[in-house]
Amino acid sequence: MRTHLTNKERLRELFETANGRCAYCGNPVTLHANRDTLRMQATCDHVTPKTRGGGEEQENLVLACWMCNKVKDTMTGEEFRYLISNLEVHPDYIDYVKKRIVRQARHSLRPIKPAATVSSG
């Protein structure tokens, strides 16, 4: 990967490197999503989140679908993979993930409120 890439260029390179598949769930992702396909929108994920000391180095970036990226939140890649691998073993994880997905989706898809109009008087 080259350095000093725009976000779009970085995402395109990650997409090509990962053969268009999410690093976490393995599902195909799309670079051009609409409201109906948002959950499969390609995103650039920090394996070690910036909030936990992760940087912008190539080794710390992977292609992730929007859904995995949102649910992963501030977990490391290792923590998130552990969570995914235990979904069938621990049913309470399923509820946790479902609730988190719904909460994140509601927040992200919330319509933007129009700015208040100012009347000149």
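The legends below describe an overall view and several close-up views of a predicted model.

**Figure 1. Overall view of the predicted protein, with its 4 helices and 2 strands.** Followed along the sequence, the elements of secondary structure appear in the pattern α-β-β-α-α-α. The protein has 121 residues, of which 33% count as buried, and it exposes about 8,600 Å², with carbon and sulfur atoms supplying 52% of that area. Among the contacts with a separation of 6 or more, 51% are made by residues that stand 24 or more positions apart.

**Figure 2. Close-up of the aromatic pair, of which a search of the whole structure finds 1.** The pair is formed by Tyr-24 and Phe-80, whose ring centres are 5.2 Å apart and whose planes stand at 90°, so the arrangement is edge-to-face; the cut-off for this class is an angle over 60 degrees. Distant parts of the chain are linked in this way, since Tyr-24 belongs to the loop between helix H1 (7–17) and strand S1 (42–46), whereas Phe-80 belongs to helix H3 (residues 77–85), and the two are 56 residues apart. Tyr-24 is buried, with a relative accessible area of 9%, and Phe-80 also counts as buried, at 3% relative accessibility.

**Figure 3. Close-up of helix H3 and its buried residues Gly-77, Phe-80 and Leu-83.** Around the helix axis these residues cover an arc of only 125°, and they therefore lie on the same side of H3. The spacing can be read against the geometry of an α-helix, which has 3.6 residues a turn, so that residues three or four places apart point the same way. Phe-80, one of the buried residues of H3, is also the partner of Tyr-24 in the edge-to-face pair.

**Figure 4. Close-up of Glu-56, in the loop between S1 and strand S2 (61–65).** Glu-56 is partly exposed, its relative accessible area being 35%. When its neighbours within four places in sequence are left aside, Glu-56 is in contact with Arg-10, His-46, Lys-50 and Leu-61. His-46 is 10 residues from Glu-56 in sequence, and the C-alpha atoms of the two residues are 7.6 Å apart in space.

**Figure 5. Close-up of the side-chain polar contacts that join Glu-56 to Arg-10 and to Lys-50.** The contact between the side chains of Glu-56 and Arg-10 has a length of 2.8 Å, while that between the side chains of Glu-56 and Lys-50 has a length of 3.1 Å.

Notes
Residues are numbered from 1 along each chain as its sequence is written. This is a predicted model: local features need pLDDT of at least 70, side-chain atom pairs count only at pLDDT 80 or more; totals for chains, interfaces and linings use all residues. Side-chain values use heavy atoms; hydrogens and water are left out. Rings of Phe, Tyr and Trp (its six-membered ring) pair if their centres lie within 6.5 Å; planes under 30 degrees apart count as stacked, over 60 as edge-to-face and the rest as tilted. Buried means under 20% relative accessible area, exposed over 50%, partly exposed in between (1.4 Å probe, protein chains only). Contact means heavy atoms within 4.5 Å. A polar contact is a pair of N or O atoms within 3.5 Å; within protein, one must be able to donate a hydrogen and the other to accept it, and residues adjacent in sequence count only if both atoms are side-chain atoms. The arc is that of the directions from the helix axis to the C-beta atoms. Accessible areas come from the Shrake-Rupley method with a 1.4 Å probe; for residues, only the protein chains shown count as cover.
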